[in-house]
Amino acid sequence: MTPSTPRLSRRALLTASLTVAGASALTACTKGDPAVAPAAVSASEAPAIPTTGLALVTVGTAAGPSVRSARNGIATALVVDGNLYVIDAGLGVTRGVADAGLPTDRLKAIFLTHLHSDHIGELPAFVMWNWGPPVGGPTEPIRIVGPGSASELPTGFPTTIEPAVPGTRATVDAILAAYAYDINIRVVDENRPPLNEMLLVDEIALPAGATANGTSAPATEPFEVYRDDHLRVLATLVDHPPVFPSYGFRFETKYGTVVVSGDTAKTDNMVTLSEGADVLVHEAVYLPFYEKQNKYSREFVNHLAQSHTTPEEVGEIANRAGVEHVVLSHLAGVATDDEWAAGVRSTYSGKVTVAADRQVFVL
Ligand SMILES: [Zn+2]
Ligand SMILES: [Zn+2]
């Protein structure tokens, strides 16, 4: 659980954008909803990304696939000594990364927590947006680290499309196949490197005993899924029924450690993964948003409760793991910052931030 390279002593985080953005930039956005949601740090007010050290950027902060606020879909980025890593590629990731001024020419890897559409829906646009030297995009291979195939659908789920359970490799292959005409044209017309040779997929091997229709998230020690000169990445299975496999990631650098939960119900695996982290970016669902409206069925609300984590539960995990700072993101439901944070604060005494789109945290 310790970083592969000696870590500097824990430093208080500078939530660089908080004081810049203030209330005026975090605008109310949802007409007709009972609560308002903050939207984003504006592009003009976003602080510069440091070229050395570690920065966390909450590029997009909404759960999906429904659009219920002005927040973009889920995407989180880390910049380590000027190198870019992106976790999940939800709606708006392409513009969000550009507006945040992230160093896309040094995109090293993309990590996919699971294959729900709100986490991979904009992956095609993101990888095809500006690859290659003609447009200042990345020229080196980009690793895409994500789940392998679930092997089978959950019991009782009929197959409507074959093949029924593609993993990350088949997903990326299908994206390349769908855009083959565009890629073939641009490779010659714009002298771009072949995109298929740049996207290198690493499917995460399942821990022993984990199955789609058995134990989907057995208790496991975090295991390494990626390493380069700038960081080491560990993963653990998380509990996001009926989707399997679903992963949370731990990013260890010499500047500090950031954990990203992916989508999950409360699970002890997240406590293990988050142990002593400087920042825990955790998903959350605000059930009162759904419960107080008649339009959501009891079954739908039950699903949310069983596959996501309430703010109170996020606080319990952070407390047990000894996390220094909780950042709520992948927000399911609409609520005020105070409503989101109150639950976390009821069970956790550390620092709590309800993320806005493009918010920057410098470690
Ligand atoms: Zn999601
Ligand atoms: Zn999901």
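What arrangement do the four donor atoms make around the zinc ion (ligand 2)? In this predicted model, the answer is an irregular one, because the angles that the four donor atoms subtend run from 93 to 159°. A tetrahedral label would need all angles to lie between 85 and 135 degrees. For orientation, ideal angles are 109.5 degrees for four tetrahedral donors.

The atoms behind those angles come from three histidines and an aspartate: His 114 (NE2), His 116 (ND1), His 240 (NE2) and Asp 263 (OD) coordinate the zinc ion (ligand 2) at 2.1 to 2.3 Å. Read along the chain, these donors show the spacing H-x1-H-x123-H-x22-D. Two of the histidines can be set side by side in terms of burial. His 114 counts as buried, with 0% relative accessibility, whereas His 116 comes out as partly exposed at 27%.

The zinc ion (ligand 2) has company. Asp 263 bridges it and the zinc ion (ligand 1), and the two ions lie 3.4 Å apart. Around the zinc ion (ligand 1), the coordinating atoms belong to Asp 118 (OD), His 119 (NE2), Asp 263 (OD) and His 330 (NE2), at 2.1 to 2.2 Å. The site of the zinc ion (ligand 1) is irregular too, with angles of 89 to 165° among its four donor atoms. Its donors are spaced D-H-x143-D-x66-H along the chain. His 119 sits in helix H3 (residues 117-120), while Asp 263 belongs to the loop between strand S10 (256-260) and helix H8 (268-274), so this pair ties together parts that are 144 residues apart in sequence. Both members of the pair, His 119 and Asp 263, are buried.

Next, the pockets. The largest pocket has a volume of about 780 Å³. Its lining is made up of 28 residues, and those nearest the centre are Leu 115, Leu 153, Ala 164, Val 165 and Val 243. Sorted by class, the lining of the largest pocket comes to 20 nonpolar residues, seven polar and one charged. Helix H5 (residues 168-178) gives the most to this lining, namely three residues.

The second largest pocket holds about 340 Å³ of space. It is lined by 24 residues, with Ala 63, Gly 64, Pro 65, Arg 68 and Leu 304 closest to its centre. Two elements, helix H10 (298-307) and strand S12 (325-332), give two or more residues each to this lining. H10 has the largest share of the lining, with four residues. The class breakdown for the second largest pocket is ten nonpolar, ten polar and four charged residues.

One more histidine rounds out the picture. His 308 is found in the loop between H10 and helix H11 (311-321). Its relative accessible area is only 7%, so His 308 is buried; the cut-off for that label is under 20%. The side chain of His 308 also makes a polar contact of 2.6 Å with the side chain of Glu 283.

Terms used
Residues are numbered from 1 along each chain as its sequence is written. Chains are lettered from A and ligands numbered from 1 in the order in which they are written. This is a predicted model: local features need pLDDT of at least 70, side-chain atom pairs count only at pLDDT 80 or more; totals for chains, interfaces and linings use all residues. Side-chain values use heavy atoms; hydrogens and water are left out. Donors are N, O and S atoms within 2.8 Å of the metal (3.2 Å for Na, K and Ca); water is not among the atoms, so sites may look incomplete. Four donors count as tetrahedral if all angles lie between 85 and 135 degrees; four count as square planar and six as octahedral if opposite donors are over 155 degrees apart and all others between 65 and 115; anything else is irregular. Buried means under 20% relative accessible area, exposed over 50%, partly exposed in between (1.4 Å probe, protein chains only). On a 1 Å grid over the protein atoms alone, a cavity is a set of points where a 1.4 Å probe fits but cannot get out, and a pocket is an open set with protein on both sides within 12 Å along at least five of seven lines; lining residues have an atom within 4 Å of a point. Grid points are joined across faces, edges and corners, and a volume is the space filled by probe spheres set on the points. Ala, Val, Leu, Ile, Met, Phe, Trp, Tyr, Cys and Pro count as nonpolar, Asp, Glu, Lys and Arg as charged, and the others, Gly among them, as polar. A polar contact is a pair of N or O atoms within 3.5 Å; within protein, one must be able to donate a hydrogen and the other to accept it, and residues adjacent in sequence count only if both atoms are side-chain atoms.
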